[in-house]
Amino acid sequence: LNNKLFILIIMAKVIINEEEKNFDTSSCDTLKKLYENLLEEFATQETHVTKIKLNGEDLNEVEIKKRGDLPISDIESLELIILTVPEIALNNINNAMEYLDKLITAVNKVSNLFRTKSAEEANKSYLQCIEGLTWFHEVVGNINNIYKKDLDKLDFGSKSNEDLQEQLLSITKEISNSQSKKDWVMLADLLEYELIPCLKEWESLLPLFVQAVQKKIKSN
């Protein structure tokens, strides 16, 4: 039995930031112990765990604690993404850049739906766009809060970083008001002629955010 258990322990695969580590798990009898040992080895006060996968299943830290008594013999793999704050910011910006193109396409589609289809059908897609827009605004806002001094040094053209954020927030409020009033024509116009140009402007400026954060990472 001991030999069998030992074989299972050494088969437990540990992956940190997508790189498999040669980590000795023989002193770990449970998931809790393994997780704690990995944090002690690979994490610091300046880093945060942003992703956890147990046997290929996505978990969060609350779920890890709930399943902390899971025997090490039941663990085939444990994957962690451990990043610094600048690395998290850079990852979020890259995700936002990738998502923006999809969001612009979706907003254009919703605008057309409000003009050509039923309001009920259009509103279903509209709500998905608003969720995406809210996420994007939060990402940009959080990055600005952390790196405001660095971003203020960048050349955004005729508008400052704050101007761009206020413009996006203002358009979002106008869109929300039109939706509440069920003014579908105005809503379609705001989506097409106000929001899409604003998002395209952000799409062209986000690489500057990347440069600012990359510079911060190198300086650290």
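**Close-ups of a predicted model: pockets, a cavity and helix packing**

α5 gives the most to the lining of the largest cavity, with 4 residues. Everything shown here comes from a predicted model.

**View A. The largest cavity, lined by residues that include Val107 and Tyr126.** A search of the whole structure turns up 1 cavity of 30 Å³ or more, and the space in the largest cavity comes to about 30 Å³. Besides Val107 and Tyr126, look for Cys129, Ile130, Leu133, Leu191 and Leu195 around it. At least two lining residues come from each of α5 (119-152) and α7. What classes of residue make up this lining? It has 7 nonpolar residues, with no polar and no charged ones.

**View B. The largest pocket, with a volume of about 210 Å³.** Strands lead the way here: β3 (47-54) and β5 (77-84) each put at least two residues into the lining. Follow the wall of the largest pocket through Thr50, Lys51, Ile52 and Lys53, then Glu79, Leu80, Ile81 and Leu83. Ile15, Asn17, Glu18 and Asn91 also line this pocket. Sorted by class, the lining of the largest pocket splits into 5 nonpolar, 3 polar and 4 charged residues.

**View C. The second largest pocket, at about 170 Å³.** Which helix gives the most to this lining? That's α7 (residues 184-219), with 5 residues. The full set lining the second largest pocket is Asp150, Lys153, Leu154, Gln211, Ala212, Lys215, Lys216 and Ser219. Count them by class and you get 4 charged, 2 polar and 2 nonpolar residues.

**View D. α5 against α6, with a left-handed crossing.** The axes of α5 and α6 (residues 161-181) come within 11 Å and cross at roughly 160°. Angles over 145 degrees count as roughly antiparallel, so α5 and α6 are roughly antiparallel to each other. On the α5 side, the contact residues include Asn123, Tyr126, Ile130, Leu133, Phe136 and His137, and further along Val140, Gly141, Asn144, Lys148 and Leu151. Facing them from α6 are Asn161, Glu162, Gln165, Leu168, Leu169, Thr172, Ile175, Ser176 and Gln179. The contact of α5 with α6 is a mix of 9 nonpolar, 9 polar and 2 charged residues. Some α5 names may ring a bell: Tyr126, Ile130 and Leu133 are in this contact, and Tyr126, Ile130 and Leu133 also line the largest cavity.

**View E. α4 against α5, again a left-handed crossing.** The axes of α4 (residues 85-116) and α5 come within 9 Å, crossing at roughly 155°. α4 and α5 are therefore roughly antiparallel to each other. How many charged residues does the contact of α4 with α5 hold? Just 1, next to 24 nonpolar and 5 polar residues.

**View F. α4 against α7, with axes 9 Å apart.** This pair packs at an angle of about 165°, and α4 and α7 are therefore roughly antiparallel to each other. Left-handed or right-handed, how do α4 and α7 cross? Their crossing is left-handed. The contact of α4 with α7 brings together 27 nonpolar, 4 polar and 7 charged residues.

Methods: Residues are numbered from 1 along each chain as its sequence is written. This is a predicted model: local features need pLDDT of at least 70, side-chain atom pairs count only at pLDDT 80 or more; totals for chains, interfaces and linings use all residues. Side-chain values use heavy atoms; hydrogens and water are left out. On a 1 Å grid over the protein atoms alone, a cavity is a set of points where a 1.4 Å probe fits but cannot get out, and a pocket is an open set with protein on both sides within 12 Å along at least five of seven lines; lining residues have an atom within 4 Å of a point. Grid points are joined across faces, edges and corners, and a volume is the space filled by probe spheres set on the points. Ala, Val, Leu, Ile, Met, Phe, Trp, Tyr, Cys and Pro count as nonpolar, Asp, Glu, Lys and Arg as charged, and the others, Gly among them, as polar. Axes are lines fitted to C-alpha atoms, for helices over the stretch in contact, and angles run from 0 to 180 degrees between N-to-C directions. Angles under 35 degrees count as roughly parallel, over 145 as roughly antiparallel, 65 to 115 as roughly perpendicular and the rest as oblique. A crossing is left-handed if the near helix is turned anticlockwise from the far one by less than a right angle, and right-handed if clockwise. Contact means heavy atoms within 4.5 Å.
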